[in-house]
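Here is a short tour of how one chain packs its interior. Have the viewer open and follow along.

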Amino acid sequence: MIRATALLTICFFLAACLTGGQNVSPDSPFAPPVDTTKDAVDPVIVGWRLMGAGEFELALQTFYRAANTHGATPEILAAAGTANLGLGRLGQAEDLLRQSLDKQPNHAETWNNLGIVLMEKGAFPEAELVLKKAFALDNGESDAIRDNLRLVLAKTENPAYDDEKIQEYKLVRRGSSDYLIRQTPE
């Protein structure tokens, strides 16, 4: 009898905890309840926010989750490629960026990011061609693409250009923000 009463009291207490959280005071130390009636934030947006915070691994995982939800769209492939570039995984970044360009060949930002991958790999002639294409598709409006093109032209003419200085490459994302990746000297 005592066990049954104790069990019943615990059940009522737990039920009160589950339903009573709707009227949580603003001064409460507990987290507010989750509104499950609203839609979740798009994982692509979350991934780009993580990229902006420099959390490339988390962003990559988020982009892969977005691919499971939305499919492997050119935007998600380019985003995952850019995250891999941030992680220094140049082969994976190149593959994903090229897959994105196969599906959407006129996207200047993806061409720019592919050019950065090629520069990192030391393929300056191909990087020059890729960045010229990005510059042409963008009509020369992006400062980041222009700066990257200038850098690859200088490196093509003189491969030892600024070898001892820190090189700065500018990643461009789809949308309104620019991301900067710095190459550290070895």
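## A93, a buried residue

In this predicted model, A93 counts as buried because its relative accessibility is 0%, under the 20% cut-off. The residue sits in helix α5, which spans residues 90–103.

What does A93 touch, if residues up to four places away in sequence are not counted? Its partners are G81, N84, L85 and V117. For G81, twelve residues away along the chain, the C-alpha atom lies 4.1 Å from that of A93.

## The largest nonpolar core

L85, one of the partners of A93, also appears in the largest nonpolar core, which has 22 residues. Together with W111, L114, V117, M119 and V152, L85 touches the most other members. At least two residues each come from α4 (74–86), α5, α6 (108–121), α7 (124–137) and α8 (143–157). The largest share belongs to α6, with seven residues.

V152 is a good place to zoom in. Beyond its neighbours within four places in sequence, V152 is in contact with M119, F124, A127, E128 and L131.

## A second core

There is also a separate core, made of 14 residues. Among them are F56, A59, A79 and A80.

## One side of helix α2

Now turn to helix α2, residues 43–52, where P43, V44, G47, W48 and M51 are buried. These residues lie on the same side of α2, because the arc they cover around the axis is only 140°. Just after α2 comes G54, with a positive phi of about 80°.

Technical notes:
Residues are numbered from 1 along each chain as its sequence is written. This is a predicted model: local features need pLDDT of at least 70, side-chain atom pairs count only at pLDDT 80 or more; totals for chains, interfaces and linings use all residues. Side-chain values use heavy atoms; hydrogens and water are left out. Helices (H or I, at least four residues) and strands (E, at least two) are DSSP runs, numbered from the N terminus. Buried means under 20% relative accessible area, exposed over 50%, partly exposed in between (1.4 Å probe, protein chains only). Contact means heavy atoms within 4.5 Å. The arc is that of the directions from the helix axis to the C-beta atoms. A nonpolar core is a set of buried Ala, Val, Leu, Ile, Met, Phe, Trp, Tyr and Cys residues joined through side-chain atoms within 4.5 Å.
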